[in-house]
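Me: I'm new to this structure and would like a close look at one part of it. Could you take me through that part slowly and then show me how the rest is arranged?

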Amino acid sequence: MNIFVQTMTRDLKMALRNPSSFLNPLMFFVISISLFPIAISPESQTLSSIAPGIIWVITMLSVLLSLNSLFHYDHDSGVLEQMVISHHSLPLILLAKTSAHWILSGLPIIVLSPFLGMALFINTEGIYILILTLIIATPCLSLIGSIGASLVVGIKNSGMLLSLLILPLYIPILIFATSAVSQSQSNLPIDGQLYFLGFILILSLLVTPFLSALSLKISME
Amino acid sequence: MSKLKINNLSCQRGYNLLFENLSFELNSGEVLKISGPNGSGKTSFMKILAGLHSYETGSVEYGDAKINSEKYNLDFLYQGHLSALSPELSCLENLKYIAQLGNNNHNLDFSDALKKVGLEKFENELVGKLSAGQKKRIALSLLFITQSKVWLLDEPFSALDSKAIKIIETRVEDHCNSGGICILTTHQECNIKNMKEISL
């Protein structure tokens, strides 16, 4: 467990010393969302009906933007080689790296989402549910994304390939998360959507570290 | 007593056969230099032994331990072309993390290890600000704290000055005198006592 804490601390320390690696996707998140009222309509009815979709799509894209750096720097420096041949569990090391990625990409989005939700006229109940879906599902985005990031780690300019690999896997999360926020705005039950997102989170936590480790070993060959 | 045995090892990358039927044995206290022209498969061979690459035929025997098993990974230290240092971290932070990934039974005197490679004043300096030679020295300072029995050093002397090369040669000799095994690749002359040599 020590290696988990040390790897996560190391990644957070590195990111704080090179803040552009996590601030750029976050800036993209804020700027993109703030452009929608200008481009579509500033009317509250129009915006509130499409706001859950806007926030969730931009969340996915900004997480996707930050995924490239998940293993890239460690691959270029040779640290990833040492992680692969370490006697410690590789899935545990990768889970630590993915957790650090979530803290740097998912957590700031959760913190900012109520303000952006209010700017897009989502009602109070909808904002609570938006935060809840982000808390449950943003870890899934990092965990599922780690599989793609480990597969393309040795490939230069792999952003597009990563998007093609990962975005289809994000679709179920997008459907259930946006549906939960939209239905909550109309006071409809959302238990089913939340259970499904919870199921994806548990499945991702149990499976993705092992799949990432396997993909990474194949990529390093 | 540890013993490393390589039997008829062959390696292919793409359509290129890099080497075939490579066999040798190394006992405790022995050091082997692998030489050969660029592209002959020296790095691939080192990566096979480290457990990073697969091989076509043959076998690698190290006691009862299989490649990539916990015991194998604990006993093997691999230092490749890349220094495995993060530019955003200081020398000490890098060394502590890489040591943590490797053999756990360290003396844990990281400052002393940096002193031995002449970098005692750079403990808290960010690695990104150091020269290529200094980065190589930090990576090699791990040799003073690791307790791995088999060292795989791929081009350990590149970017090093003659003084640093002498320090590393002496450390390799000490390691072998205390029962360790070392395999290294280099294009440079090296003066390690009782060194075996094979060419790919």
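Leaving aside neighbours within four places in sequence, which residues is Val117(B) in contact with?

Reply: Happy to help! Please keep in mind that this is a predicted model.

Let's start with your residue. Val117(B) sits in the loop between helix 4 and helix 5 of chain B. Once neighbours within four places in sequence are set aside, Val117(B) is in contact with Arg137(B), Leu140(B), Ser141(B), Ala164(B) and Ile167(B). Is Val117(B) buried or exposed? A residue is buried if 20 or more other C-beta atoms lie within 10 Å of its own. Val117(B) has 25 such neighbours, so it counts as buried. There is also a link across the sequence here: Val117(B) and Ile168(B) are 51 residues apart along the chain, while their C-alpha atoms are separated by 8.5 Å.

The same loop gives us a second residue to look at. Glu123(B) also lies in the loop between helix 4 and helix 5 of chain B. Glu123(B) has 15 other C-beta atoms within 10 Å, so it is partly exposed. Not counting residues up to four places away in sequence, Glu123(B) touches Ser90(B), Cys91(B), Leu92(B), Ser111(B) and Leu114(B).

One of those partners, Cys91(B), leads us to a helix. In helix 3 (residues 91-101) of chain B, the buried residues are Cys91(B), Glu93(B), Asn94(B), Leu95(B), Tyr97(B), Ile98(B) and Leu101(B). What covers them? From chain B the cover includes helix 4 (110-116) and helix 5 (132-141), and from chain A it includes helix 1 and helix 5.

Those two helices of chain A bring us to the place where the chains meet. In total, 20 residues of chain A are in contact with 22 residues of chain B. On the side of chain A that touches chain B, helix 1 (2-17) and helix 5 (79-84) each supply at least two residues. Helix 1 of chain A gives the largest share, with 6 residues. Sorted by class, that side of chain A has 7 nonpolar, 8 polar and 5 charged residues.

Now for the interior. The largest nonpolar core has 115 residues, and Ile173(A), Leu152(B) and Cys182(B) have the most contacts inside it. Helix 7 (residues 124-151) of chain A gives the most to this core, with 13 residues. Leu152(B) shows what such a position looks like up close: apart from neighbours within four places in sequence, it is in contact with Met46(B), Leu49(B), Ala50(B), Phe76(B), Leu77(B), Tyr78(B) and Ile183(B).

For contrast, try Leu17(B), which lies in strand 2 (residues 16-27) of chain B. Leu17(B) has 12 other C-beta atoms within 10 Å, so it is exposed. From Leu17(B) to Phe76(B) is 59 residues in sequence and 26 Å in space, C-alpha to C-alpha. Between Glu123(B) and Leu17(B) there are 44 Å from C-alpha to C-alpha, and they are 106 residues apart in sequence.

Back in chain A, two helix pairs are worth a look. Helix 7 of chain A packs against helix 9 of chain A at an angle of about 20°, with the axes 8 Å apart. That angle is why the two are described as roughly parallel. Their crossing is left-handed, and the residues of the contact divide into 15 nonpolar, 9 polar and no charged.

The other pair is helix 2 (residues 20-39) and helix 6 (residues 90-119) of chain A, whose axes come within 10 Å and cross at roughly 25°. Therefore helix 2 of chain A is also roughly parallel to helix 6 of chain A. This crossing, however, is right-handed. On the helix 2 side, Phe22(A), Pro25(A), Leu26(A), Phe29(A), Val30(A) and Ile33(A) take part, meeting Leu104(A), Ser105(A), Pro108(A), Ile109(A), Leu112(A) and Leu116(A) of helix 6. By class, this contact has 11 nonpolar residues, 1 polar and no charged.

Finally, here are two loop residues, one in each chain. Asn187(A) is not a glycine but has a positive phi of about 55°. Asn187(A) is found in the loop between helix 8 (159-185) and helix 9 (191-220) of chain A. Asn194(B), likewise not a glycine, has a positive phi of about 55°, and its place is in the loop between strand 7 (181-185) and strand 8 (195-199) of chain B. Most residues other than glycine have a negative phi. Asn187(A) is exposed, with 9 other C-beta atoms within 10 Å, and Asn194(B) is exposed with 10.

Technical notes:
Residues numbered from 1 in each chain as written. Chains lettered and ligands numbered in written order. Predicted model: local features only at pLDDT ≥ 70, side-chain atom pairs only at ≥ 80, totals over all residues. Core = buried A, V, L, I, M, F, W, Y, C linked by C-beta atoms within 7 Å. Helix = DSSP H or I, 4+ residues; strand = E, 2+ residues; numbered from the N terminus. Contact = placed C-beta atoms within 7 Å. Axes fitted to C-alpha atoms, helices over the stretch in contact; angles between N-to-C directions. Parallel < 35°, antiparallel > 145°, perpendicular 65-115°, else oblique. Left-handed = near helix turned anticlockwise from the far one by under 90°. Nonpolar A, V, L, I, M, F, W, Y, C, P; charged D, E, K, R; others polar.
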